[in-house]
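Please look through the sequence and the structure shown below before reading on. The paragraphs that follow lead from one part of the model to the next.

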Amino acid sequence: MTMEFDDFYRDTARRLARYAYGLTGDPGEAQDLVQEAYARAWQRWRRVSAYEDPEAWLRLVVNRLSADRWRRIFVRRARAEAEPPPAPVDPPSENLVLLVRAMRELPDAQRRALALHYLLDRSIAEIAVETGAAQGTVKSWLSRGRSALAAALGDTIVPEGARRAR
Amino acid sequence: MPADIDDLFAALGREADALPLPPPGAAIRRGRRRNRNRAALAASAVLLVVLAGVGLAVRYRPDDRTHPILPTTQDDRVSGMSPIGGPVVHGDGNDTWQRVIEADGRIYGVVTLPGGGGRVVAVDASTGAVLWSSTTYERLSEQAGLVAIPGALLVTEPASATERTTLDLDADTHVLDPETGQSTLSVAWQFGSRWITGGGMLVLQNTNGALKGFDLDDLDHTWRVPAGDDTPAYLVGTDEVGSGDLGPLVRITDGDLVQVTKSGKVRVIDIGTGKVRDTVATGQPAPAAAIADDGKLLSSVGRTLRETDLSGDGTRILYTAPAGWRTGAVRACGDGRLCLYQYQPDGEHTEVLAIDATDGEVVWRSSTTSQAETFLRVRGSRVLLGGATQTAVYDGSGRLLFAGPGTADWIDDDDVLWVGADGSVSAVSARDGARTGLGTVPGLTGDCAVSAEVLACPTGGTLRLWRFTH
């Protein structure tokens with residue numbers, strides 16, 4: 001079981017970190033969420049490993065944890081008590097700070113759709129399957145999310161045209 | 001020069017790719033640690049449902065809505081069970097096994113002695129070997145309360161030896177070290193007191209609303225919050241565990257301690273220190289049922305389900321039941337949904353329903369013949385609604401998969417254990433409602449305990465254990 005889990009972790013952890021970072025915009029929190037999600041996967045590995053898409057399960061866990069203020073606090077507290085702090089990272093560039101700040105202001109659904117689309121290269125159809133929403137809804141999330149980012153970033157960003165339609 | 005949104009996200013991705021990640025062993029260690037804590041908490045959660053002398057210890061688990069249930073590539077439903085060792089006997093065989101619970105790979109049981117009183121016994125769930133037997137508690141009977149919380153076992157006996165059959169009595173709760181069975185603390189409490197645990201703390205709310213917190217790792221560390229003029233009426237957790245006839249329900253919290261006073265004020269208290277973090281006025285009477293979820297207090301008041309933002313952004317009515325109905329327990333059930341039941345006070349009709357957590361719109365609703373509902377348990381978006389006469393399983397779209405007399409509880413995300421009044425045991429698939437007979441446990445003398453791996457049942461002078469097969 002441990003070997004199988006190890007392989008799964010090595011294959012997928014980097015992508016999950018991208019997703020968590022996109023949702024939270026916080027390196028420490030993203031690291032926390034990734035570790036927490038894999039810890040929970042390990043706890044129920046027999047079941048999770050039988051899922052058609054175990055990685056989607058991890059993303060859902062990260063999604064829910066990131067949206068849950070209380071659990072986030074709890075996770076951080078538990079981590080702080082039991083584990084050394086994660087390795088420090090360099091501060092992001094100014095543009096990324098602006099992007100992250102703008103992402104944080106978006107509704108959860110839009111932020112999730114943008115993270116899946118831009119950071120994990122998921123198509124609209126794939127996002128629709130993962131979120132259980134209609135493709136039209138996903139298009140709307142992406143469109144609104146991009147518009148909100150453009151408005152928040154102002155001159156920092158090129159106006160959005162018809163992009164990456166897939 | 002303005003950046004392209006693709007470029008910005010590409011840069012964000014590169015930042016993410018540079019995040020240091022520990023090896024998988026770190027997640028495994030965290031998972032093991034959580035197993036130790038959560039299993040102790042979850043598998044011990046017992047709400048008694050008595051059915052003509054046969055029962056199943058129905059467990060409440062901490063809210064696990066964070067863990068979705070997805071399509072699987074294999075069908076590994078529970079298909080049978082095989083005995084673990086032989087019948088477990090305590091003493092010379094004349095001691096009687098009563099209530100049993102499972103926690104952290106162990107079965108904890110109360111055995112009563114022929115001369116009166118009883119003991120708590122720990123058994124290795126994988127082998128059936130007795131690990132320890134506690135000292136004798138003179139007033140411990142078949143009504144004993146037994147609860148496992150992270151780091152402790154709570155065993156409750158009446159304060160006096162006078163035979164009572166109702167809950168209106170005073171009691172002593174003994175805190176036992178689950179590793180040794182040694183008692184580390186004894187606390188006297190009165191009917192109407194409330195317990196809550198979380199963050200390594202055990203907190204008692206007295207009938208006058210005063211709080212006393214005990215640090216389970218350092219019992220010299222305690223805190224007190226005196227009673228105020230506005231008496232706390234409700235202690236809110238994310239879930240609760242029960243402890244049999246005698247014992248109180250123990251609320252569970254993974255965050256702060258939340259009190260609702262009789263006037264409707266909500267106090268948010270740091271469970272580690274007793275310091276009041278916040279006070280929020282809700283303008284509503286104390287609820288009949290409430291849970292804390294995602295920084296919000298969800299409370300059933302009359303025929304309404306109300307949501308109070310604990311950061312102080314006010315209270316709103318999320319859902320209103322039809323006239324003549326009342327709302328009951330509520331649980332988070334799946335992504336962005338809440339499940340609750342509503343009932344007519346005369347007991348004629350009960351409905352279980354799922355609503356959208358943001359706008360209260362009803363997603364699905366189903367009538368149930370179950371009356372006097374006592375528990376609502378969810379796994380993902382699936383619902384188990386149990387009552388005194390029957391229990392029902394619903395899928396995530398509200399389709400009734402199975403209903404019948406008996407008591408039931410989740411084995412795992414896909415399987416429900418059913419115990420009939422005749423001791424018949426079966427597994428019901430939460431995917432399609434198919435029922436698989438597992439056998440019969442004759443002569444039950446108390447509640448069985450169930451986990452994802454093991455079923456343990458007291459049968460008079462013996463404790464019997466089985467392992468589920470898939």
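Which exposed residues does the face of H9(A) carry that is turned away from its buried side? In this predicted model, that face carries the exposed residues Gly136(A) and Ala151(A). The opposite character belongs to Val138(A), Trp141(A), Leu142(A), Gly145(A), Arg146(A) and Leu149(A), which are the buried residues of H9(A). Because they cover an arc of only 120 degrees around the axis, these buried residues lie on the same side of H9(A). An α-helix has 3.6 residues a turn, so residues three or four places apart point the same way.

The buried residues of H9(A) pack against H6, H7 and helix H8 (124–131) of chain A, and they also pack against H1 of chain B. As for its length, H9(A) has 19 residues, which at 1.5 Å a residue should span 27 Å, and this agrees with its end C-alpha atoms, which are 27 Å apart. After H9(A) comes Gly154(A), a residue whose phi is positive, near 55 degrees.

Helix H6 of chain A, made of residues 94–104, can be read in a similar manner. Its buried residues are Leu99(A), Ala102(A) and Met103(A), and they sit on the same side of H6(A) because the arc they cover around the axis is only 100 degrees. On the face turned away from that buried side, H6(A) carries the exposed residues Glu94(A), Val97(A) and Arg101(A). The cover over the buried residues of H6(A) includes helix H7 (108–119) and helix H9 (135–153) of chain A, together with helix H1 (5–17) of chain B.

These helices belong to a chain whose secondary structure comes to nine helices and zero strands. Chain A has 166 residues, of which 43% count as buried, and among its contacts between residues at least 6 apart in sequence, 63% join residues at least 24 apart. One residue that illustrates the burial is Thr24(A), which is found in helix H1 (residues 2–24) of chain A. Thr24(A) counts as buried because it has 23 C-beta neighbours inside 10 Å, where 20 or more are needed. Leaving aside residues up to four places away in sequence, Thr24(A) touches Glu29(A), Ala30(A), Leu33(A) and Ser66(A). Thr24(A) also lies 6.9 Å from Arg104(A), C-alpha to C-alpha, although the two are 80 residues apart in sequence.

Chain B brings strands into the picture. Strand S21 (residues 265–269) of chain B is mostly covered, since four of its five residues are buried. Strand S20 (residues 257–261) of chain B pairs with S21(B) in the antiparallel sense over four bridges, and Val260(B) has Val266(B) in S21(B) as its bridge partner. In the hairpin of these two strands, with three residues between them, Gly264(B) takes a positive phi near 100 degrees. S21(B) also pairs with strand S22 (residues 276–281) of chain B, again in the antiparallel sense, over five bridges, and here Val268(B) stands opposite Asp278(B) in S22(B). The hairpin of S21(B) and S22(B) has six residues between the strands, and Gly274(B) in the turn has a positive phi of about 85 degrees.

Further along chain B, four strands form an open sheet in the order S31-S32-S33-S34, with antiparallel pairing. Its edge strands, each pairing on one side only, are strand S31 (375–379) and strand S34 (400–405) of chain B. Within the sheet, four bridges join strand S32 (residues 382–386) to strand S33 (residues 390–394) of chain B, and Leu384(B) stands opposite Val393(B) in S33(B).

Key. Residues numbered from 1 in each chain as written. Chains lettered and ligands numbered in written order. Predicted model: local features only at pLDDT ≥ 70, side-chain atom pairs only at ≥ 80, totals over all residues. Buried ≥ 20, exposed ≤ 12 C-beta atoms within 10 Å, placed from the backbone. Contact = placed C-beta atoms within 7 Å. Arc of directions from axis to C-beta. Pairing = 2+ DSSP bridges. Expected span 1.5 Å × (residues − 1).
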